[in-house]
Amino acid sequence: MRAFILASLFAVTLISPTLARQNSQWSHQRVRQALDLDLGLHLGVDLGERASSEPSSDVETATSTIVPSASASIPSITATSTALPVSTSGLYGVGDGSKYATIHFMVGNTYTYRLADWMVDLTLIEEAGFDAVALNLGPDCWQKNSVDLAYEAAAKLNTKLKLFYSFDMSTFGIAGDSDAATIASYINQYADNYYTFKYNGLPFVSTFSGDQYNSAFGRSLCGGYDYVRSLVPSDMYFVPGFFFPNNQTIEEAKPCIQGLFNWNSAWSTDGSAVSTVTDLDWMAQLGPITRTWLISPTFFTHYGENSLNKNWVYAADNNYAKRWEQVANISAPLVQVITWNDYGESHYISPRPSSVQLEPIGTTWVNGNNHSPWARITKPYVQIYKNGAADSLASDLIIWEYRTHPALATATSDPLARPTSAELLSDEIFITTYLSDAAEIRITVGDDETGAYQAEVGLNHFSHPFGSGGLITIGMWRNDTNIGGTLTGERAIIEAPELYDYNPVVEQFWHDPGWEACA
């Protein structure tokens with residue numbers, strides 16, 4: 001069944017946070033302005049279908065050059081190919097020595113889901129190399145029903161994936177005993193389930209936020225979460241995503257947690273280059289308890305005052321490759337990718353959504369932008385993170401990401417201003433290759449001259465300028481022989497867009513000699 005699901009899905013063109021809660025159709029509230037948080041989209045409608053929950057080194061650098069052409073003139077460029085190094089200094093945090101790759105999944109974007117949809121997504125997530133799925137959800141009853149479907153899908157697939165709750169505490173009640181009992185009841189239902197992710201033998205539980213007040217469940221911060229724990233007979237391994245917005249300290253939270261994850265470490269939020277500075281600072285403060293490091297490919301959102309009132313972009317050029325490299329160097333016990341399907345802030349690595357019902361008013365930048373190649377390139381990153389090296393392979397994968405207009409373009413018909421911090425982005429195409437053998441990668445943008453990049457076996461990263469724009473064509477050559485043809489992408493780079501769109505298009509080129517041999 002999994003083979004059929006994968007074949008069906010990749011036979012079509014595939015193409016997502018954190019949105020605030022609104023009260024009618026869209027039910028994830030505006031909290032960022034007050035708390036400077038990023039929230040997830042939840043839809044406030046009844047699902048109607050509830051399912052049974054029980055299961056039946058060193059960095060190597062290679063210089064690449066532009067192939068000259070008489071017809072055009074682009075400044076010469078230099079690119080680097082980087083083999084991701086891994087720390088050998090040992091595992092930080094409490095655990096059994098294993099490393100786990102998890103991914104953040106917005107249950108609030110599953111209003112249209114039925115069992116088959118969950119089966120497709122879990123199949124693709126497992127194929128991408130992940131170990132567990134963080135089910136981020138709000139209090140709407142239909143979202144709980146959808147989680148039940150996720151567990152049923154896991155059982156039907158007999159998947160290796162595990163599931164765990166990530167409660168969106170900006171939307172769940174956090175005032176008193178009854179609110180604590182609600183959270184505990186969710187945990188207890190699946191605490192002993194075969195498909196629940198357990199760490200140190202305990203059900204793993206996380207949150208988004210939950211420290212936005214000076215109290216929790218009518219008690220102090222730790223008093224509140226300790227009370228929730230007292231209602232969970234199995235106990236829990238509690239690793240929340242706190243933001244500490246009211247000058248609280250990590251030290252205050254340590255008595256009632258087993259770890260923390262720092263949501264905003266996945267990007268640079270201040271315009272500087274993304275780095276491990278925040279990671280290492282939290283590591284020093286946490287000491288020998290579990291840290292979950294965050295990875296995300298991009299961040300762009302463009303909502304006006306009549307919608308979610310969020311209009312900015314982070315400096316996230318080639319962010320997915322950079323953060324995976326940084327996390328591998330830190331050797332973290334847990335990593336989490338943000339996200340599988342949070343469309344409104346553009347950092348989804350899933351296929352593009354099939355229904356506009358998933359999106360609030362004004363989401364103009366999602367349906368045309370494919371991100372599924374990010375999922376396909378994830379497995380070697382996970383292997384490097386866990387084992388220090390990616391598996392060798394007999395096939396070749398090239399992915400490239402780009403925007404469809406320059407960073408400082410002026411939109412002709414957009415009612416909103418250019419997003420804040422757009423000037424921090426570079427006008428480049430970012431190319432990642434995962435190859436079975438060395439090859440020359442050639443890229444042409446419109447009528448400009450062709451760029452040629454020498455890629456080694458395994459993972460390589462290059463960048464190429466927008467030039468004068470146009471459609472992008474990429475191919476691979478070995479010994480001056482083209483391998484697998486060339487691929488021209490779906491969307492061109494243009495100078496003057498109608499609407500601002502800083503959500504990257506992600507394309508892929510795939511070559512499998514085994515498929516050719518079968519002819």
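This is a short tour of a predicted model, stop by stop, with a selection to make at each one.

**Stop 1: the disulfide**

Select C222 and C256. A disulfide joins the two, with an S to S distance of 2.2 Å. The disulfide count for the model comes to 1. Look along the S-S bond: the torsion for C222 and C256 is about -75 degrees, so this disulfide is left-handed. Now colour the surrounding elements. C222 lies in helix α6, residues 221–230. C256 is in the loop between α7 (250–253) and β8 (259–261). The pair therefore ties together parts that are 34 residues apart in sequence. Switch on a surface, and both C222 and C256 turn out to be buried.

**Stop 2: S209, ahead of α6**

Move to S209, in the loop between β6 (202–208) and α6. Check the backbone here. Phi of S209 is near 70 degrees, a positive value in a residue other than glycine. Is S209 buried or exposed? Its relative accessibility is 0%, so S209 counts as buried.

**Stop 3: N479, another positive phi**

Jump to N479, in the loop between β18 (472–478) and β19 (481–488). N479 is not a glycine either, yet its phi is positive, at about 55 degrees. N479 has a relative accessible area of 78% and is therefore exposed.

**Stop 4: a helix pair**

Show helix α3 (residues 115–127) and helix α4 (residues 141–157). Their axes come within 8 Å and cross at roughly 60 degrees. An angle under 65 degrees but not under 35 falls in the oblique class, so α3 and α4 are oblique to each other. The crossing of α3 and α4 is right-handed.

Add side chains to see which residues meet. From α3, select L115, W118, M119, L122 and T123. Opposite them in α4 are S146, L149, A150, E152, A153, A154, K156 and L157. Then pick C141. It is exposed, with a relative accessible area of 52%.

**Stop 5: an open sheet and its helix**

Display β17, β14, β13 and β20. These 4 strands make an open sheet in the order β17-β14-β13-β20, with antiparallel pairing. The edge strands are β17 (458–465) and β20 (505–511), each pairing on one side only. Neighbouring strands in this sheet are turned by 15 degrees against each other on average, direction ignored.

Zoom in on β13 (residues 396–402) and β20. The two run antiparallel and are joined by 7 bridges. Label W400, then find E507 in β20: the two residues stand opposite each other.

Next, bring in helix α11, residues 378–387. α11 packs on the sheet and touches β14 (428–435) and β17. The direction of α11 makes about 125 degrees with that of β17.

**Stop 6: a cis peptide**

Select I338 and T339. The peptide bond from I338 to T339 is cis, with omega near 5 degrees. T339 sits in the loop between β12 (334–337) and α10 (372–376).

**Stop 7: T298 and its contacts**

Finish at T298, in the loop between β9 (290–295) and β10 (300–303). The relative accessible area of T298 is 5%, so this residue is buried. What is T298 in contact with, leaving aside its neighbours within four places in sequence? Select W267, A316, E345, S346, H347, W374 and P504 to see those contacts.

Note on methods: Residues numbered from 1 in each chain as written. Predicted model: local features only at pLDDT ≥ 70, side-chain atom pairs only at ≥ 80, totals over all residues. Heavy atoms only, no water. Buried < 20%, exposed > 50% of the residue type's maximum accessible area, 1.4 Å probe, protein only. Contact = heavy atoms within 4.5 Å. Disulfide = S-S within 2.5 Å. Pairing = 2+ DSSP bridges. Axes fitted to C-alpha atoms, helices over the stretch in contact; angles between N-to-C directions. Parallel < 35°, antiparallel > 145°, perpendicular 65-115°, else oblique. Left-handed = near helix turned anticlockwise from the far one by under 90°.
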